[in-house]
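Here's a quick tour of the cavities and the ligand site, written with a modeller's eye in mind. Have the structure open as you read.

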Amino acid sequence: MCGIVGYVGEKPAAPILIDSLKKLEYRGYDSAGICVLNDSLKTYKTTGKIVDLESILPQGIEGTIGIGHTRWATHGKPNTVNSHPHLSRDIAVVHNGIIENYLELKENLIGDGYIFKSETDTEVIAHLLHSHLYGGSDGQSKKCDLITAVQKTLRMLEGSYAIAVLCGSEPGLMIIARKDSPLVVGIGDGEIFAASDVTSFLQHTRNVVFVDDNEVALIRNGSVEFFDADGNPVTKETTKIEWDIEAAEKAGYEHFMLKEIHEQASSVHDTFAGKISEMEGTVILDELNISDEQIRHMSRIEIIACGTSWNAGLVGKYLFEQLAGIHTDVDTGSEFRYGYPVVCGEVLTIAITQSGETADTLAAVRGARSYGCQAIAITNVVGSTITREIDSVLYTRAGPEIGVAATKSFTTQLITLYMLALKFARIRGKMSAEDSKNLLVALKKIPADIQKILNNKAVIQECARQFADAEDYFFIGRHLNYPIALEGALKLKEISYIHAEGYAAGELKHGPLALLTDKTPVVAIATKGHTYDKMLSNIKEVKARDAIVIAVANKDDTEIEKYVDVVLRIPRTHELLSPILSSVVLQLLAYYTALERGCSIDKPRNLAKSVTVE
Ligand code: F6R
């Protein structure tokens with residue numbers, strides 16, 4: 001995840017910025033840069049680690065004001081040109097977030113004579129600031145002050161941002177602003193820090209002011225003034241941070257996994273931001289290198305993935321078949337690579353991999369391509385190996401996932417699959433504009449629905465506590481909820497070490513029922529939909545064997561509580577989308593069970609985040 005830092009004070013800025021960036025390293029990044037202002041802007045950028053950036057800095061850079069950035073690529077490759085700060089003449093900017101309308105803004109700026117050096121969305125901010133400040137690409141004299149230029153620029157941006165801006169002709173001044181991306185100011189003794197999170201300056205000050213959405217702040221002469229979106233001054237409270245550095249990295253959460261579960265409300269939004277139009281019922285995936293003609297003639301989809309990503313792939317199968325009418329197979333990388341697949345007709349391979357580095361997935365995709373299949377990747381890591389070996393890449397934009405157990409990468413993979421299936425369905429004439437509008441309207445509400453589940457997590461924690469001593473757990477679901485049952489079981493086993501099985505609910509009677517006792521919790525995903533009544537029958541079968549049933553059900557379902565022991569509620573949404581919400585419940589159930597059992601949650605035994613060997 002990108003991180004920004006800023007310093008305005010009396011000490012040399014460069015070493016402070018480098019130190020602050022090092023404190024943000026845990027967020028994950030692929031390149032970094034700083035810009036220091038003395039009599040002019042001095043910018044240094046590189047790919048790799050902060051120590052690499054440090055090694056290219058000349059000795060004794062002068063200037064007591066500067067900005068810095070760690071980049072986690074979302075638009076454009078991880079290289080030096082794309083890394084921040086971005087400049088437009090005497091303006092420098094660092095940015096964390098996604099500018100959704102950057103292509104349109106870029107086109108207009110190019111028309112006005114601006115030359116773009118990078119592939120990033122951020123560069124439009126630098127040129128917009130310049131154009132407002134100097135009246136155009138060849139403007140020489142200022143038409144307004146810097147804060148007015150910032151305010152005019154922000155009004156044109158759609159999306160999320162935390163920015164820090166310097167201007168060569170405004171020595172001693174830094175302007176920062178935020179919308180939907182974290183930004184915090186540290187108040188030191190005659191010096192001010194700005195950063196994406198407090199860890200970056202905690203060694204200098206514990207007195208912080210949290211910047212709110214749509215606020216702009218002017219930092220100069222050791223003080224900071226805040227303004228709202230209309231330019232009115234705002235009085236802000238200073239908070240004293242009591243956390244230690246380790247807790248601060250986790251933003252106060254006990255584990256990265258819990259932090260990442262909470263981030264889903266914003267990460268799923270980032271995945272679809274700028275890519276859907278619920279007014280028109282369309283999905284825009286410009287990065288997809290497949291013609292409409294090819295989509296119409298596609299005879300089969302072959303999904304290849306491992307672990308959690310494979311579970312996401314199974315959801316994809318239901319979606320591609322139901323919405324777009326395309327026969328879909330889902331294989332694990334380790335099986336596909338040594339199999340003898342029959343490839344005839346127009347087959348599209350979709351590789352799903354958070355890391356983009358899983359050895360089995362990479363080998364299987366290479367195999368599929370050698371059979372002549374076109375291939376696309378759904379991944380979270382820009383520049384990862386898979387992105388260099390494939391026809392098109394769809395990024396999930398979840399931000400780095402540090403906990404070994406996949407959480408936000410799974411739900412953002414699901415969002416990507418919904419978008420892809422809907423796009424294919426529309427092109428193949430299998431879905432009406434009305435139906436796709438309804439689905440997209442519901443999709444837009446998913447971040448708020450996730451937040452509601454998170455706000456109510458105490459009920460899930462209590463349930464986890466109640467059954468934390470269980471030796472076996474079962475998870476059952478039908479249709480789209482079947483892969484979610486598999487994922488719920490996988491999460492529980494990997495972090496709590498409880499034996500857990502996921503089953504298609506209709507399959508229990510073909511064997512597994514023999515294992516149920518009055519000590520076995522069975523999690524039944526029983527959200528409203530066309531298989532709901534069948535799920536109720538399965539729940540009754542389970543209860544008849546005296547097992548404990550924990551249902552995941554809709555908030556407005558008053559029927560379910562008659563048949564089960566515990567109900568974990570999710571908001572009512574479009575039937576097709578409820579798996580995303582149920583996943584969040586099951587992640588929390590696994591998390592709190594592992595917590596109760598005192599397990600090593602972020603680094604479970606025997607597991608690695610990225611499996612780069614066979
Ligand atoms: C489970 C988990 C793993 C990964 C699997 C594939 O929580 O994280 O099962 O899903 O190792 O990894 P990627 O998606 O990086 O290919």
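## The largest cavity

Sorted by class, the residues lining the largest cavity come out as 2 nonpolar, 7 polar and 3 charged. Keep in mind that this is a predicted model.

As for who's on that list, the lining takes in Arg 478, His 479, Leu 480 and Asn 481. It also includes Thr 527, Lys 528, Gly 529, His 530 and Thr 531, with Glu 575, Ser 578 and Pro 579 completing the set. The space inside comes to about 90 Å³. Searching the whole structure turns up 2 cavities of 30 Å³ or more.

## Around the ligand

Now for the ligand, which has 13 residues around it. The closest are Ser 309, Thr 353, Ser 355, Thr 358 and Glu 494. By class, the shell splits into 4 nonpolar, 7 polar and 2 charged residues.

## Polar contacts and burial

Which distances should you check at the ligand's oxygen atoms? For Thr 358, a polar side-chain atom sits 2.4 Å from a ligand oxygen, and for Ser 309 a polar side-chain atom is 2.6 Å from a ligand oxygen. Val 404 joins in through its backbone, with a polar atom there 3.4 Å from an oxygen of the ligand.

On its own, the ligand would expose 410 Å², and the protein buries 89% of that. Two or more shell residues come from each of α9 (307-324) and α15 (481-496). The biggest contributor is α9, with 3 residues.

Conventions: Residues are numbered from 1 along each chain as its sequence is written. This is a predicted model: local features need pLDDT of at least 70, side-chain atom pairs count only at pLDDT 80 or more; totals for chains, interfaces and linings use all residues. Side-chain values use heavy atoms; hydrogens and water are left out. On a 1 Å grid over the protein atoms alone, a cavity is a set of points where a 1.4 Å probe fits but cannot get out, and a pocket is an open set with protein on both sides within 12 Å along at least five of seven lines; lining residues have an atom within 4 Å of a point. Grid points are joined across faces, edges and corners, and a volume is the space filled by probe spheres set on the points. Ala, Val, Leu, Ile, Met, Phe, Trp, Tyr, Cys and Pro count as nonpolar, Asp, Glu, Lys and Arg as charged, and the others, Gly among them, as polar. A residue is near a molecule or strand if one of its heavy atoms lies within 4 Å of it. A polar contact is a pair of N or O atoms within 3.5 Å; within protein, one must be able to donate a hydrogen and the other to accept it, and residues adjacent in sequence count only if both atoms are side-chain atoms. Accessible areas come from the Shrake-Rupley method with a 1.4 Å probe; for residues, only the protein chains shown count as cover. Helices (H or I, at least four residues) and strands (E, at least two) are DSSP runs, numbered from the N terminus.
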